[in-house]
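I opened this notebook to record what I looked up in the structure, entry by entry. I began with the interior and worked outwards to the sheet, the helices and the loops.

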Amino acid sequence: MHIITTDKKWEEVMPRSATANLLKLLNTCRQHQDVDKILAVQQSCRFMFNGASRQNKGTAAALAGSHLGIEVYRIDVSAVVSKYIGETEKNIDKIFTAAAGKSWILFFDEADALFGKRTDVKSGHEHYANQEISYLLQRLERYRPPVFIAVNNKDTIAPAVVRYFHQTIHFSDTGKP
């Protein structure tokens, strides 16, 4: 997990209409965060960036953090997912424990491996893969600051995960949504 920043401007990453839509949503997130501080309202903002690799999704997350005045931490999903039973959950727990009490934006880059579709349980491995997704969704539910995930193909993501994200923004092959 490491902090990400950018010197780019919105117009270098996204078309004006997509930027305006995202900024409107981010301002709503800011309002929810302000209300959270006053009323302890349980509302979070979660976004899915969908599109091929190398399409400025991380840059867009960094710009969102700059807009909100919040640090953005990129989660290296390859370091989270483990072939050993229970290790992925431990790694997820470490992330959310480190972020507890902070106002960090968490950006799960290349999240397809972590958020893949649940399968019918035919083996112990599939049972634990489904359990990992359930655990991650529970942790996302309790995390108040914004969360962004970047996926290459939304269709490979578990429908339950897709429902957890308030907005999906598609990034095209040109690097702009």
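**Entry 1: the nonpolar cores**

I looked up the largest nonpolar core in this predicted model and found that it has 28 residues, of which Phe 96, Leu 106, Phe 108, Phe 115, Ile 149 and Val 161 touch the most other members. I then noted which elements give two or more residues to this core, and they are β3, α4 (77-80), α5, β4, α6, β5 and α7 (159-164). For Val 161 I left aside the neighbours within four places in sequence, and the contacts that remain are with Phe 115, Ile 133, Leu 137 and Ile 149. Apart from the largest core I found another, of 25 residues, which includes Leu 26, Phe 47, Ala 61 and Ile 105.

**Entry 2: the sheet**

In what order do the six strands of the open sheet lie? I read the order as β1-β3-β4-β5-β2-β6, and the pairing is mixed. The edge strands are β1 (2-4) and β6 (167-170), each of which pairs on one side only, and the twist from one strand to the next averages 25°.

I followed two of the pairings to see both senses. β1 and β3 (residues 72-76) are antiparallel and share three bridges, with His 2 standing opposite Arg 74 in β3. β3 and β4, by contrast, pair in the parallel sense over five bridges, and here Ile 75 stands opposite Phe 108 in β4; that Phe 108 is among the residues I listed for the largest core, as one that touches the most other members.

**Entry 3: helices across the sheet**

I checked which strands α3 lies across, and the list is β1, β2, β3, β4 and β5 (147-151), with α3 running at about 175° to β4. Helix α5 (residues 87-99) lies across β3 and β4, and its direction makes an angle of about 155° with β4.

I stayed with α5 and compared its span with the expected value: its 13 residues reach 19 Å from the first C-alpha to the last, which is close to the 18 Å expected at 1.5 Å a residue. I then asked which residues of α5 are buried. They are Thr 88, Glu 89, Asn 91, Ile 92, Ile 95, Phe 96 and Ala 99, and because they cover an arc of only 160° around the axis, they sit on the same side of α5. I set beside this the general point that an α-helix has 3.6 residues a turn, so residues three or four places apart point the same way. Just after α5, I noted that Gly 101 takes a positive phi of about 80°.

**Entry 4: positive phi outside glycine**

I searched next for unusual backbone angles, bearing in mind that most residues other than glycine have a negative phi. Asn 56 has a phi near 70° and is placed in the loop between β2 (46-50) and α3 (57-68). Is Asn 56 partly exposed or buried? Its relative accessibility is 22%, so Asn 56 counts as partly exposed, given that buried means under 20%.

Glu 110, also not a glycine, has a positive phi of about 55°. I located Glu 110 in the loop between β4 (105-109) and α6 (124-142), and with a relative accessible area of 32%, Glu 110 is partly exposed.

Conventions:
Residues numbered from 1 in each chain as written. Predicted model: local features only at pLDDT ≥ 70, side-chain atom pairs only at ≥ 80, totals over all residues. Heavy atoms only, no water. Helix = DSSP H or I, 4+ residues; strand = E, 2+ residues; numbered from the N terminus. Buried < 20%, exposed > 50% of the residue type's maximum accessible area, 1.4 Å probe, protein only. Pairing = 2+ DSSP bridges. Axes fitted to C-alpha atoms, helices over the stretch in contact; angles between N-to-C directions. Contact = heavy atoms within 4.5 Å. Core = buried A, V, L, I, M, F, W, Y, C linked by side-chain atoms within 4.5 Å. Expected span 1.5 Å × (residues − 1). Arc of directions from axis to C-beta.
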